[in-house]
Amino acid sequence: IGLALTAKGALRGARGEAKAMEAAMKVLKAKTKDTPKPLIIARQELDAQIDYAKGKVDKSLQALRAAMKAERALRYTEPPSYPRPVAEVLGRKALDRGKLRIAEEAFRQALDQYPESRRAMTGLDETLHKEGKTVAAGL
């Protein structure tokens with residue numbers, strides 16, 4: 001819900017969801033002595049999206065990069081324990097802000113993780129085009 005609220009620009013609601021998520025994570029940790037890594041990643045991504053919406057782009061991209069690394073470190077499961085590749089989110093946000101080096105790196109990571117991802121392929125193609133690189137050489 002927090003990501004949807006952020007996408008709609010409802011930052012007050014998104015921050016409320018982040019606080020509720022944090023409280024739930026504390027309860028879970030008290031009961032189980034651990035917080036599931038996918039929940040930690042989800043919280044990192046939500047915080048990053050809120051920061052991005054507030055115009056704190058560099059802070060947001062840094063948080064998304066940390067979430068991407070944490071997601072990539074998760075044990076392989078089917079279905080995946082985290083519902084979408086954070087690398088694609090990082091790549092899109094970086095591309096939208098003209099941070100092409102970050103975008104290219106993120107889309108390449110996304111394609112390494114999910115080689116057939118249309119979003120990652122499209123994002124990398126857009127990034128390489130903006131960088132003036134040829135797609136054939138870049139892929």
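Which residues line the largest pocket? Let's start there. One caution before that: this is a predicted model.

The lining of the largest pocket starts with Glu71 and Arg72, then Leu74, Arg75, Tyr76, Thr77 and Glu78. Pro80, Ser81 and Tyr82 follow. Gln113 and Tyr114 complete the list. The volume of the largest pocket is about 230 Å³. By class, its lining splits into 5 nonpolar, 3 polar and 4 charged residues.

Let's take one lining residue, Thr77. Thr77 sits in the loop between α4, residues 57-72, and α5. Is Thr77 buried, exposed or partly exposed? Its relative accessible area is 30%, so Thr77 is partly exposed. For a sense of distance, take Thr77 and Lys8. They are 69 residues apart in sequence, and their C-alpha atoms are 31 Å apart in space.

Stay in that loop. Pro79 is also placed between α4 and α5. What is the geometry of the peptide bond from Glu78 to Pro79, cis or trans? That bond is cis, with omega near -5°. Remember the general background: most peptide bonds are trans, and most residues other than glycine have a negative phi. Glu78 itself is on the lining list of the largest pocket.

Ser81 is another lining residue of the largest pocket. Its partner for a distance check is Pro36. These two are 45 residues apart along the chain, and their C-alpha atoms are separated by 9.9 Å. Pro36 belongs to the loop between α2 and α3. With a relative accessible area of 35%, Pro36 counts as partly exposed.

That α2 to α3 loop has a backbone point to flag. Lys33 lies in it, between α2 (11-32) and α3 (37-53). Lys33 is not a glycine, yet its phi is positive, about 70°. Is Lys33 buried or exposed? Its relative accessibility is 69%, and the cut-off for exposed is over 50%, so Lys33 counts as exposed.

Next, the second largest pocket. Its volume is about 180 Å³. Its lining is Arg84, Pro85, Glu88, Val89, Arg92, Lys93, Phe107 and Arg119. Which helix gives the largest share of that lining? Helix α5, residues 86-96, with 4 residues. By class, the lining has 3 nonpolar and 5 charged residues, with no polar ones.

Val89 is one of those lining residues. Compare its position with Lys19. Lys19 and Val89 are 70 residues apart in sequence and 22 Å apart in space, C-alpha to C-alpha. Lys19 belongs to helix α2. At 64% relative accessibility, Lys19 counts as exposed.

On to helix α6, residues 100-113. Two residues here, Ala103 and Glu104.

Ala103 is in helix α6. Its relative accessible area is 0%, so Ala103 is buried. What does Ala103 touch, leaving out residues up to four places away in sequence? Gly91, Ala94, Leu95 and Thr127. Take Thr127 from that list. Ala103 and Thr127 are 24 residues apart along the chain, and their C-alpha atoms are separated by 6.7 Å.

Glu104 is in helix α6 too. Is Glu104 buried or exposed? It is a charged residue by class, and at 12% relative accessibility it counts as buried. The cut-off for buried is under 20%, so Glu104 falls on that side. Its contacts, with residues up to four places away not counted, are Leu124, Thr127, Leu128, Glu131 and Lys133. Thr127 is therefore on the contact lists of Ala103 and Glu104, taking heavy atoms within 4.5 Å as contact.

Last topic, the rings. How many aromatic pairs does the structure hold? The count is 0. There is a charge over a ring, though. Arg97 lies over the face of Tyr52, at 5.0 Å from the ring centre.

To recap. The largest pocket is about 230 Å³, and the second largest is about 180 Å³. The bond from Glu78 to Pro79 is cis. Lys33 has a positive phi. Glu104 is buried in helix α6. Arg97 lies over Tyr52. That's the tour.

Key. Residues numbered from 1 in each chain as written. Predicted model: local features only at pLDDT ≥ 70, side-chain atom pairs only at ≥ 80, totals over all residues. Heavy atoms only, no water. Buried < 20%, exposed > 50% of the residue type's maximum accessible area, 1.4 Å probe, protein only. 1 Å grid on protein atoms, 1.4 Å probe; cavity = no way out; pocket = protein on both sides within 12 Å on 5 of 7 lines; lining within 4 Å. Points joined across faces, edges and corners; volume = space filled by probe spheres on them. Phe/Tyr/Trp six-rings, centres within 6.5 Å; stacked < 30°, edge-to-face > 60°. Lys NZ or Arg CZ within 6 Å of the ring centre and 35° of its normal.
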